[in-house]
Amino acid sequence: MTAPDRFLLAGVMGWPVMHSRSPLIHNHWFAKHQLAGTYVPLAIRPDGLAAALRALPALGFAGCNVTIPHKQAAMDIVDEVHESARAIGAISCITVRPDGTLLGSNNDAFGFIRNLRQQQPGWRADSGPVVVIGAGGGSRAVCYGLLQQGVPEIRLVNRTPGRAEAVALALGGGIRAVAWADREAALDGAVLVVNTTSQGMVGQGDLDLPLGRLPATAIAADIVYIPLETSFLAAARARGNATVSGLGMLLHQGPLAWKLWFGIEPEVTAELQALVERSL
Ligand code: ATR
């Protein structure tokens, strides 16, 4: 697939897009694998998304990632929506197939699970209930990934109850919507708690979640990665809980995209992690 006469092309479409760390990650892999190719930030206005995606095959792109605000809109443009994207309700990755048609998939859930397993190899999906805080796009990906792994019960806590109920309805399985007022009690007996809200991100308030009822053996995970350690993770670590930071969720989506685009699975190394951490 990687003929020497072919310059490998991929990128990320967003609006704005220059904050994205994806070019840093993917271009690190081009250099590591000594491949002629590049991964570019593509600033695409919402009204230009369809034309931009349709141009990918003609330009020789193997595919691209899509980020805010295009993740939902891309669903109506691609030729085939993979089950991962349909379930999550958003596309994160587009692959140009040999016949020029576009396949849209969502690698967020894969990235979350891969990162969780790498940082906490002892975690077992069937070991007990998981508490997920938040019911936006990130939450859908996390819940989808957890259910796919065989988690028996997800207690889904959200400030706006209707959104948690909508996720439970869409993904089925063992998701139970829990009222915001009951978030502390929801931690009883949990083996994992995941923050998928924007709380804790730089510029936002801290996540308001007292951890007193979280078992000492539970893992605390965040999908926020700026800062690398949110106040929620710092509080969990201070009381002895194992933690999983959010940057790895982004890093671990890359190898799956490369497999789809170039037939190669690059590695998420400590060197790459440090490179991206320095850029934050
Ligand atoms: P994303 O797609 O990145 O997950 P989103 O769809 O905007 O983003 O979802 C943000 C999540 O953070 C939601 O669960 C939101 O709760 P609501 O559904 O009630 O809006 C949650 N969130 C944002 N600010 C919050 C706050 N101050 N306290 C609690 N939850 C908050």
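The following paragraphs describe an open sheet, the helices packed on it, and the surroundings of T197 in a predicted model.

In this predicted model, local features need pLDDT of at least 70 and side-chain atom pairs count only at pLDDT 80 or more, while totals for chains, interfaces and linings use all residues. Residues are numbered from 1 along each chain as its sequence is written, and side-chain values use heavy atoms, with hydrogens and water left out.

Six strands form an open sheet in the order β2-β1-β3-β5-β6-β4, with mixed pairing; strands (E, at least two residues) and helices (H or I, at least four) are DSSP runs numbered from the N terminus, and two strands pair if DSSP finds at least two bridges between them. The edges are occupied by β2 (37-43) and β4 (80-81), each with a single partner strand, so one side of each lacks a neighbour in the sheet. Strands β5 (residues 93-96) and β6 (residues 102-105) run antiparallel and are joined by 4 bridges, with T95 opposite L103 in β6.

Helix α2 (residues 49-59) lies across β1 (8-14), β3 (63-66), β5 and β6, at about 175° to β1. Helix α9 (residues 254-262) also packs on the sheet, touching β1, β2, β3, β5 and β6, and its direction makes about 15° with that of β5. Axes are lines fitted to C-alpha atoms, for helices over the stretch in contact (heavy atoms within 4.5 Å), and angles run from 0 to 180 degrees between N-to-C directions.

T197 is located in the loop between β10 (192-195) and β11 (219-222). With 16% relative accessibility, T197 counts as buried (under 20% relative accessible area, 1.4 Å probe, protein chains only). Leaving aside neighbours within four places in sequence, T197 is in contact with I133, G134, L207 and V224.

Notes:
Buried < 20%, exposed > 50% of the residue type's maximum accessible area, 1.4 Å probe, protein only.
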